[in-house]
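User: I'd like a close look at one part of this predicted model, and then a sense of how the rest fits around it. Can you take me through it in plain language?

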Amino acid sequence: MPEARVRGRVFSGMQPSGEAHLGNYLGALRQWVDLQHDHECFFCIVDEHAITGEFTPEELPGRIFDLAVSFLAVGLDPERSTIFVQSDVPEHTTLAWLFNAVTPLGDLERMTQYKDKSSRLESVPAGLLNYPILQTADILLYRASLVPVGEDQVQHLELSREIARRWNGRFGDFFPEPQPILSKAGRILGLDGNAKMSKSLGNTVGILADPEEVHARVRTAVTDPQRVRKSDPGRPEVCNVYTLHRHFTGPTLLPDIADQCRAATRGCVDCKHILSDHIVEHFAEARERAAELQARPSQVQEVLEAGAERARAEARATMEEVRHRMGMAWRECVPSRSGRA
Ligand code: TRP
C-alpha cells in the first residue's frame, strides 16, 4: 500500500461505546496498532462526537474508560502513540467553530451518514449536521495527513479535504488534505449477517468477553440461509461466519472450513465452535492485559492524562497559527505597552 510509505502524521478517532468489539478491532484497531511502528500517531476517544447520538452522563465515563482499556489491551502503546480523550483538548471544538466559516451547508446536508441518521429522528440535533466539521478539526488540529478509517468514513474525509482546501485558499496554505487509509477487512457485518457490526444493534462480540460469552454470542450468528439442514451444502462465500473465519482461522485450517461447509460434512454449530475457539485464543493476551488494567485504573488514567498533555501542546501551536492567519491575533497590532514585542 503506497500510503504506508508516505510518512505523514496519522490521526484517527473512535466513539466511546465501551469495550471494543470485533468490528472495531478488524476495521480499525488492528491497523492502528501496526501504524504506530512507522508513523507518528494520534488516537482519540471522541466523546464530543458521541453526544450527537444516544448517551447518558451516568454511563459516558464508563464507556470512555472501557474503550481506553480496549485500546491498551490490543497493543496501542502510549510510548509510541498519543492516546487521549477529545474533550480533554478544548481546541477541537474551537477549531471546529472556525471551520464553520468555510464549510458549505449544502455539503453537510449531502452526507449519507447525516441523511441516514437524521431520517430516523423526529428532532435532529444540529450536532449531527456539524459532525463532519468536528471530525475535520480533530484531524487538522494535528495537521495529520493520514486517517485510518472504515469505508463509511470516506465521504466525511472528502469533505475534510474540501474544508482544508477552502481554508487554505482563504488564509494561506497551512493544512494538509487528509487521505483515508482503508482497512483491508472491508465492512465487518454483525452476527445478524446483514448490518454493520455495531453496539447499538446488539450484533457484536466483545473482544474482551470471556470464553463462555464468546461461544454463546457466536452460537447466535446467522449462517448461509440456504443451508437449512446439516446435510445441505453451504456456501462459505455468502456466510458471515466464514468471513470471520478468514480473520481468525489460520491459512492452514481455512480451506478445510470452506471444504467441509460445501461438502456438508461439518455442521454450522461445529463450524461456529471452531470460530469461537479461535477468537478466544486470539484475544487471550488482550484479556490478560485488560484484567491488569482494570485492577489498576489509575494506570489508564495516567496514559490518558499524558496523552492529553501532548495533544494540547500540539493543538495550542496549531491554534496560534490559525488565530494569526484568521486575524484574531489582535495583540500583534497593538504597538508597544501591549506586553508583546
Ligand atoms: N466519525 C468516526 C466514526 O464514526 C469517528 C471519528 C471522529 C473520526 N473523529 C475522527 C475518525 C477523526 C477519524 C478521524 O468512525
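What follows is a close look at helix 11 (residues 254–262), then a tour of other parts of the model.

Analyst: Some ground rules: this is a predicted model, in which local features need pLDDT of at least 70 and side-chain atom pairs count only at pLDDT 80 or more, while totals for chains, interfaces and linings use all residues. Residues are numbered from 1 along each chain as its sequence is written, and side-chain values use heavy atoms, with hydrogens and water left out.

Let's start with the helix itself. Helices here are DSSP runs (H or I, at least four residues), strands are E runs of at least two, and both are numbered from the N terminus. In helix 11, the buried residues are Leu254, Ile257, Ala258 and Cys261. "Buried" means under 20% relative accessible area, "exposed" means over 50%, and "partly exposed" is in between, using a 1.4 Å probe and protein chains only. The four sit on the same side of helix 11 because they cover an arc of only 90° around the axis; that arc is taken from the directions from the helix axis to the C-beta atoms. The cover over them includes helix 10 (240–248) and helix 12 (268–282).

Right after helix 11 comes Ala264, in the loop that leads to helix 12. Its phi is positive, near 60°, though it isn't a glycine. Most residues other than glycine have a negative phi. Ala264 still counts as buried, at 19% relative accessible area. Compare Arg143, which also has a positive phi, of about 50°, without being a glycine. Arg143 is in the loop between helix 7 (126–140) and strand 4, and it is partly exposed, at 39%.

Now the cysteines, since you'll probably wonder about Cys261. A disulfide here is a pair of cysteine sulfur atoms within 2.5 Å, and by that rule the count is zero. Cys261 is in no disulfide, with the nearest cysteine sulfur, in Cys239, 6.0 Å away. Cys261 is buried at 12% relative accessible area. Cys44 can't bond either, because its closest cysteine sulfur, in Cys41, is 13 Å off, which is too far. Cys44 is buried too, with 0% relative accessibility.

Next, the packing. In soluble globular proteins, nonpolar side chains tend to be buried together. A nonpolar core here is a set of buried Ala, Val, Leu, Ile, Met, Phe, Trp, Tyr and Cys residues joined through side-chain atoms within 4.5 Å. The largest one has 59 residues, and Leu22, Trp32, Phe71 and Phe283 are among those with the most contacts inside it. Helix 3 (residues 60–74) gives it the largest share, nine residues. This core also draws at least three residues from each of domain 1 and domain 2. A second, separate core has 40 residues, including Phe84, Leu128, Val147 and Ala308. For a view from one residue, Leu22 touches Gly27, Met197, Val205, Ile207, Phe248, Ile279 and Phe283, leaving out residues up to four places away in sequence; contact means heavy atoms within 4.5 Å.

About those domains: their bounds come from an automatic or database domain assignment, which gives domain 1 (3–189 + 298–333) and domain 2 (209–282). Their C-alpha centres are 35 Å apart, and the contact uses eight residues from domain 1 and seven residues from domain 2.

Finally, some strands. Strand 3 (residues 81–85) has five of five residues buried, so it is largely enclosed by the rest of the structure. Ser81, Ile83 and Val85 point one way, and Thr82 and Phe84 the other. Strand 3 runs parallel to strand 2 (residues 41–45) over five bridges, where two strands pair if DSSP finds at least two bridges between them. Phe42 is opposite Thr82 there. Strand 4 (residues 146–149) is covered on both faces, with Leu146 and Pro148 buried on one side and Val147 and Val149 on the other. Four bridges link strand 4 to the parallel strand 5 (residues 179–182), with Pro148 partnered by Ile181.
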